[in-house]
Amino acid sequence: MADLGLIALVIAFVMAAFGIGASLLGAWLKRPALVMAGRNALYVVCGFVALASLTLLLALMRRDYSLAYVVNQVSNSQPMFYNISAFWGGQAGSLLFWTLVLAGYSAAVTAAQWKRQPVLRPYVTAVLLGVLLFFLTVMLFAANPFNRLWQLPSGATVSALFAPAGAVLALPADGVGLNPILQNYWMVIHPVMLYLGWIGMVVPFAFAVAALATRQLGNDWVRTIRRWTLVPWMFLTIGILMGSQWAYVELGWGGYWAWDPVENASFLPWLTATAFLHSIMIQERRGMLKVWNMALIFLTFELTMVGTFITRSGVIESVHSFALSNIGPLFLSFIALSMFGFLALLGWRLPDLRSSNHLDSMVSRESAFLFNNLLLVLIAVLTLFGTLYPIISDALSQILPIERMAFAAPWFNKVTGPLFLMLIALMGSAPLLSWRKSSRETLRKNFTFPLLFGVAVAALAFLLGVRKPFSALSFGVAGFVVGGIMQEYYRGTKVRRTTKGESWPAAMAQLLRRNQRRYGGYIVHLGVIMVMTAIIGANAYQSEGQANLTRGETLVVENYALTFEGLQQSSGSTYDAVNATMLVTRNGRPVGTVTPGMHFYNTVAGRDQPTNEIAIRMGLAEDLYVVLAGWENAGQTASFKVYVNPLMSWMWIGGVVMILGTLAALWPHQKETERVAAAATAPRGAQPA
Amino acid sequence: MTGTGLTPTGAPAAKKGGIGRWAILGLAAFFVLLLMYGLLIAGDKRVEAGAAPDFTLTTFDGDTIQLSELGGQVVVLNFWSTWCVSCKGEADDLEQAWQDFKDQGVAFVGVDYLDQEPLNLQWLEQYGITYPNGPDIQGRIYNAYGVQGLPETFVIDQQGNVAKVFVGPTTRAELGAEIRKLLGDGAG
Amino acid sequence: MDQLIEFDLADRRKREGRRRPLVVALLICLALIVPVAQAQEAPTPTLDQIQTVARELYCPLCNGVRLDNCELQACVQMRQVIAERLTAGASKEQIKQEFVAQYGPIVLGEPPREGLNWLIWALPVVALIAGAIWLLWTLRGWTKAQTAAPAAASAADQSASGRAAGQAEYLAQVDADLAGLEELD
């Protein structure tokens with residue numbers, strides 16, 4: 001049964017290599033039949049990757065311990081849900097999952113764009129197959145999910161595809177099981193979202209390469225990939241926020257983001273992709289920045305690869321590096337190859353990418369977007385620098401009086417915090433600036449209300465007790481952005497109301513529907529502000545308290561008082577649980593109980609690693625976050641850590657808003673004909689204030 | 001890579017294109033080299049054979065031990081810490097092995113990795129450790145030997161080469177056998 | 001550090017466990033339930049006081065894990081040291097300095113502001129200023145390259161803003177933006 005998966009991988013490998021050859025040869029010799037063969041090869045590869053994935057999934061579900069991967073990821077007592085998520089829980093499986101997602105994207109983009117992109121298509125196919133081929137290579141030659149477990153004559157067990165000399169197949173009666181800290185709902189779906197985000201960035205990269213190869217460097221491909229970038233961007237956003245949520249509810253330190261290498265790896269491509277989604281608007285409108293947009297697509301793609309490399313090769317230690325192996329050299333070779341290959345192609349086509357750049361004014365939306373790009377890329381560069389600093393400092397320590405060290409949250413927060421604040425301020429300003437040029441009059445008209453609103457919010461925050469200058473300033477900037485968005489909505493709605501006689505809700509809905517990208521984008525910005533509010537609240541105003549409590553004793557943190565009532569023991573299917581009961585009062589009023597606890601998993605991997613089962617009372621104003629840290633005297637005394645995180649919930653609400661905004665911007669248009677008619681009547685050159 | 005992408009777009013940048021291109025390529029090459037270096041140092045770098053890295057250790061008693069000055073002796077170098085659970089298991093064995101060989105030209109050195117002052121002294125007292133021990137400030141010796149976890153015990157022969165590494169807790173018998181082998185070799 | 005080593009079921013785990021001390025350390029960080037601090041004498045600092053110091057320090061064994069939250073035995077001991085030093089009357093800054101002396105700057109989670117490490121702190125500022133100047137310079141070049149064309153555009157802009165109150169004008173903008181953007185979609 002498992003052999004089927006291996007055979008499927010081998011066939012996919014061969015077909016991918018064939019497909020690349022057929023596509024490129026077909027494009028070169030102008031033979032449509034070969035190009036078609038390339039496309040069909042891609043579909044075949046996708047089919048066999050799906051088959052291999054299905055085989056592994058079934059093996060995991062059937063607890064087929066003849067596979068080394070299954071032994072390491074599954075145990076007899078592990079619930080089926082986690083057996084399924086074990087597919088992407090370990091090294092080899094996650095590589096197969098990567099490949100499967102990439103196959104899915106490849107098939108989807110090929111099916112959707114084949115007819116529309118007659119010139120680009122062989123190259124797009126070749127690039128997609130190239131990346132697929134790379135992942136198949138890694139699986140077949142370095143981290144095969146279908147490896148078996150062999151017992152050597154010496155008694156040791158090894159994982160290998162074929163039997164080593166004298167070895168017999170080892171068939172353990174039980175498996176190791178998934179790492180218990182991964183046994184969390186968020187952890188199960190968050191990698192899926194991250195992968196959907198990361199891998200989706202291969203599609204714009206493939207189009208960029210194809211556009212360069214074919215010199216079809218007009219606006220056509222740019223329009224196509226906007227959506228194909230927005231979709232992975234949305235998944236990346238979801239994935240990052242879910243990862244934060246996981247860290248928040250599982251790791252027990254009251255925080256959500258530690259600037260850990262794995263977190264940074266997901267964040268880096270998000271930054272460059274965000275920059276790209278903005279700068280591409282300038283190219284769409286003005287035909288400028290062609291090279292820069294190429295560079296951003298390239299950076300986004302390489303950063304996903306570098307991120308995978310960093311987290312999977314073990315070059316940087318991380319809280320999240322659960323699976324490490326020897327795939328590093330292969331990844332590095334691929335990164336180097338794709339980097340220099342793309343740069344060579346870009347250099348070769350540079351003359352075709354020249355565009356006459358001109359700006360009407362320094363004070364325009366174009367320049368705001370460019371400064372936004374500068375900040376996003378700068379944050380990405382600094383984050384990458386900080387992430388790689390252990391290597392950099394190790395290298396430097398050979399020649400300079402510098403010690404090898406790693407940066408933690410303090411450095412990242414101090415360095416990127418001010419840049420993020422500038423970025424948010426720009427995010428608020430750009431929509432208030434006109435394309436091409438903003439006159440003094442326009443500036444006054446557009447900026448007055450948002451600025452006043454921002455000042456009002458800052459003042460309100462100050463009155464409510466926000467005394468740290470940076471926090472008050474941040475609230476002011478947030479107010480400015482929100483004021484700007486409100487003004488835009490209000491004006492648009494009011495105009496529709498008076499000119500079209502629509503009711504307020506109808507006018508608002510029509511506004512969004514008639515210009516999804518613009519108003520969808522504003523919704524995303526609003527979500528960003530909510531996330532930012534949560535970050536300020538939780539970072540600058542977190543309160544904490546810890547104490548050893550004997551039964552009946554009370555711990556007071558801020559406006560909360562928690563009374564320890566006692567410990568209870570219970571059993572789940574795979575673990576024993578110990579929970580403390582605490583009565584909670586807020587501002588003196590009882591608000592219920594919380595039951596923080598610990599789970600002791602009885603799998604091999606989990607027996608020594610109890611997981612924190614943190615009790616969180618979420619609220620719009622603040623979260624109460626209670627960790628049971630330990631106990632003694634047969635549970636008569638226990639120690640607790642309690643955090644009060646102001647505004648924390650807004651991070652998740654903001655995340656949902658960002659996703660809704662993205663969906664609004666992405667949603668297919670309903671009034672196609674009406675829109676085209678409107679476009680025909682409004683001359684494009686007209687740029688009223 | 002901030003500054004490099006935009007330039008070539010502009011017509012005025014055409015002349016500088018050459019430098020810009022090389023700068024980008026240089027940056028990319030540098031980046032790849034850096035990752036390659038990371039990969040190299042990430043690998044297993046425990047010193048399992050060859051010359052044992054020299055080190056200087058200031059013991060808890062204030063003496064200075066330098067490996068190169070222990071020349072001609074078999075040296076047993078044990079890495080431990082009070083927070084290491086399995087170090088407890090081998091502490092007695094190590095002391096007994098020291099008692100077995102201390103008069104036969106064998107030196108024992110305990111390296112206390114990332115540890116705290118009062119606790120480690122209590123530990124030495126508790127287990128009655130009599131061979132010299134000292135703190136490894138900031139893990140310099142630990143890193144030099146590429147130790148991967150605690151405890152690890154390096155046996156260094158009379159020529160100053162690593163003869164054997166015990167990964168994880170060792171025993172009096174295991175250690176004794178290795179030392180005897182080296183002493184035998186040295187004599188013969 | 002032996003917990004993981006016992007997982008010999010698959011060789012993989014053993015190898016990994018040994019090869020990745022920090023990961024091992026971390027797993028144990030998460031693993032050991034630390035018995036509540038041993039019965040302490042009356043004048044010892046409260047847990048809150050200890051954590052206030054520990055909060056600003058980072059575990060030198062596990063990357064990026066804050067000392068107040070690390071359950072590694074080594075970290076527990078470090079917190080005990082903090083408690084002892086607080087009892088002895090040391091200030092937070094003194095204790096932090098002692099930790100840096102003992103374990104290196106890694107415990108601060110950021111490079112010390114001295115010597116060559118200043119370069120690391122200067123890097124973001126220099127990069128931002130250099131980037132901004134360069135971008136401004138580039139944009140200025142682009143604006144100058146365009147001297148003839150903008151007359152019309154700015155005239156349109158002026159006239160539009162002159163009638164700023166006109167709502168029809170705004171609708172036209174919305175529609176124009178819509179036309180410009182949506183047709184690209």
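These legends walk through a predicted model, one view at a time.

**View 1. Chain A as a whole.** Welcome to chain A, whose secondary structure comes to 21 helices and 13 strands. Its radius of gyration is 28 Å, close to the 26 Å that the globule rule gives for 689 residues, so chain A is as compact as a globular protein of that length. If you are setting up a frame for this view, the C-alpha atoms of chain A fill a box of roughly 75 × 75 × 60 Å along the principal axes.

**View 2. Inside and outside of chain A.** Of the 689 residues in chain A, 65% are buried. Contacts tell a story about sequence separation: among those in chain A between residues at least 6 apart in sequence, 70% join residues at least 24 apart. Turning to the surface, chain A exposes about 24000 Å², and carbon and sulfur atoms supply 66% of that area. Chain A carries 47 positive and 30 negative charges, and the mean positions of the two sets lie 17 Å apart.

**View 3. A loop between two helices, at A:Leu289.** Here we look at the loop between α10 (261-286) and α11 (290-313) of chain A, where A:Leu289 is found. A:Leu289 is not a glycine, yet its phi is positive, at about 65°. Is this residue, A:Leu289, buried or exposed? Its relative accessibility is 0%, which is under the 20% cut-off, so A:Leu289 counts as buried.

**View 4. A loop between two strands, at A:Asn587.** This close-up shows the loop that links β7 (575-586) and β8 (589-594) of chain A, with A:Asn587 in it. A:Asn587 also has a positive phi, about 50°, although it is not a glycine. The relative accessibility of A:Asn587 is 47%, so the residue counts as partly exposed.

**View 5. Confidence along chain C.** Please keep the confidence values in mind for this view: the mean pLDDT of chain C is 66, and 55% of its residues reach 70 or more. Which elements of chain C have the lowest and the highest mean pLDDT? Helix α1 (residues 11-19) of chain C has the lowest, 29, while helix α6 (residues 118-145) of chain C has the highest, 90. Over residues 1-42 of chain C the pLDDT is below 50, and this stretch has 100 contacts in the model beyond near neighbours in sequence. Residues 180-185 of chain C also have pLDDT below 50, with 23 contacts in the model beyond near neighbours in sequence. For the model as a whole, the scores are ipTM 0.84 and pTM 0.85.

Terms used. Residues numbered from 1 in each chain as written. Chains lettered and ligands numbered in written order. Predicted model: local features only at pLDDT ≥ 70, side-chain atom pairs only at ≥ 80, totals over all residues. Heavy atoms only, no water. Helix = DSSP H or I, 4+ residues; strand = E, 2+ residues; numbered from the N terminus. Rg over C-alpha atoms; globule rule 2.2 N^0.38 Å. Buried < 20%, exposed > 50% of the residue type's maximum accessible area, 1.4 Å probe, protein only. Contact = heavy atoms within 4.5 Å. Areas by Shrake-Rupley, 256 points an atom, 1.4 Å probe, with all protein chains shown as cover. Lys, Arg positive; Asp, Glu negative; His and termini not counted. Charge placed at Lys NZ, Arg CZ, Asp CG, Glu CD. pLDDT = per-residue confidence, 0-100.
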